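Thank you all for making the time this morning. I would like to walk through one chain with you, going from the overall layout to the sheets, then to the cores and a pocket, and I will put the structure on the screen now.

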Amino acid sequence: MSRALTVVALLLASATGARGQAELRFETVSIREGLPQSFATSVARDSLGFLWIGTSGGLARYDGYQFDVFEPDPDDPASLPHPVVRDLLVASDGVLWVAFNTAGAARFVPETQRFERLPAGPAKEGGLPNEQVFQMAEASDGSVWFGTASGAARLDPETGEMSHLRDGPGFAAL
């Protein structure tokens, strides 16, 4: 719980501190306030000011007052694919990318509040080389890189095509 609280406090402090001489205010948030799990695996802030917190129990969006929690629903293919969020990335185009422990990666679609999954696994042509995605990063050209258990993959933002840098064990993160 302390990692999630510390990260949230630091992000809130940096947002207010960037305005100059603003008074720093720290706010404690936890499961009591709606966080799905006390251990934060990653945190990102989007262009609208929402704080996204990935946990091992789901994904939470915090507006400074309350949480909206996204959890997997086995009957809904557009729900959060897996409860264990490994990494979050807000790309320069505003897209929130979510990487999962064993479910690849997905893009959040704000208009529908749903997730679009990327195909993943060795048999998935044009997708991620593995369902275990450790880390994501954006390159200066806007392409999104995914570090997986079987190598790195690059998603071209113009064409939507996925290319693999290397397939094989031992190349687990960017």
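Of the 174 residues that make up this chain, 41% count as buried, and please keep in mind throughout that what you see is a predicted model. The chain holds one helix and twelve strands, and if you read along the sequence you meet them in the pattern α-β-β-β-β-β-β-β-β-β-β-β-β. I will concentrate on two sheets.

Let me begin with the sheet in which four strands are arranged in the order β5-β6-β7-β8, an open sheet with antiparallel pairing. Its edges are taken by β5, residues 85-90, and β8, residues 114-117, and because each of these has a single partner strand, one side of each is left without a neighbour in the sheet. From one strand to its neighbour in this sheet the turn is 30° on average, with direction ignored. As a general reminder, strands of a sheet pair through backbone hydrogen bonds, either parallel or antiparallel.

Looking at one pair in detail, β5 is joined by five bridges to β6, which covers residues 96-100, and the two run antiparallel. Within that pairing, V85 stands opposite F100 in β6, while L88 has V98 of β6 as its bridge partner. The two strands form a hairpin with five residues between β5 and β6, and in the turn G94 has a positive phi of about 90°.

Further along, in the loop between β7, residues 105-109, and β8, we come to Q113, whose phi is near 60°, a positive value in a residue other than glycine. Is Q113 buried or exposed? Neither label applies, because its relative accessible area is 30%, which makes Q113 partly exposed.

Let me now turn to the other sheet, where four strands again form an open arrangement, in the order β9-β10-β11-β12 and with antiparallel pairing. Here the edge strands are β9 and β12, each of which pairs on one side only, and the twist from one strand to the next averages 20°.

Between β9 and β10 there are five bridges, and these strands run antiparallel; M136 stands opposite F146 in β10, and A137 stands opposite W145, also in β10. These two strands form a hairpin with five residues between them, and G142 in the turn has a positive phi of about 90°. On its other pairing, β10 is joined to β11 by five bridges, once more antiparallel, with T148 having G151 in β11 as its bridge partner, and the hairpin formed by β10 and β11 has two residues between the strands. How many of the five residues of β10 are buried? Four of them are, so β10 is largely enclosed by the rest of the structure.

In strand β12, residues 162-164, we find S163, which is partly exposed, because its relative accessible area is 37% and a residue counts as buried only under 20%. S163 and L128 are 35 residues apart in sequence, and their C-alpha atoms are 8.4 Å apart in space.

That brings me to the interior. In soluble globular proteins, nonpolar side chains tend to be buried together. In this model the largest nonpolar core has 16 residues, and those with the most contacts inside it are W97, L118, L128, V133, M136, F146 and M162. At least two residues of this core come from each of β6, β9 (133-138), β10 (144-148) and β11 (151-155). Apart from that core lies another, of 14 residues, among them A44, L80, V98 and A106; V98, you may recall, is the bridge partner of L88.

Finally, let me show you a pocket. The second largest pocket has a volume of about 200 Å³, and which residues line it? The lining consists of D46, S47, L48, F50, W52, R61, G94, V95, L96, F108, P110 and Q113, and these divide into seven nonpolar, three polar and two charged residues. Two residues in that lining have come up already: G94, from the turn of the hairpin of β5 and β6, and Q113, from the loop between β7 and β8.

I will stop there, and I am happy to go back to any part of the structure.

Conventions:
Residues numbered from 1 in each chain as written. Predicted model: local features only at pLDDT ≥ 70, side-chain atom pairs only at ≥ 80, totals over all residues. Heavy atoms only, no water. Pairing = 2+ DSSP bridges. Axes fitted to C-alpha atoms, helices over the stretch in contact; angles between N-to-C directions. 1 Å grid on protein atoms, 1.4 Å probe; cavity = no way out; pocket = protein on both sides within 12 Å on 5 of 7 lines; lining within 4 Å. Nonpolar A, V, L, I, M, F, W, Y, C, P; charged D, E, K, R; others polar. Core = buried A, V, L, I, M, F, W, Y, C linked by side-chain atoms within 4.5 Å. Buried < 20%, exposed > 50% of the residue type's maximum accessible area, 1.4 Å probe, protein only.
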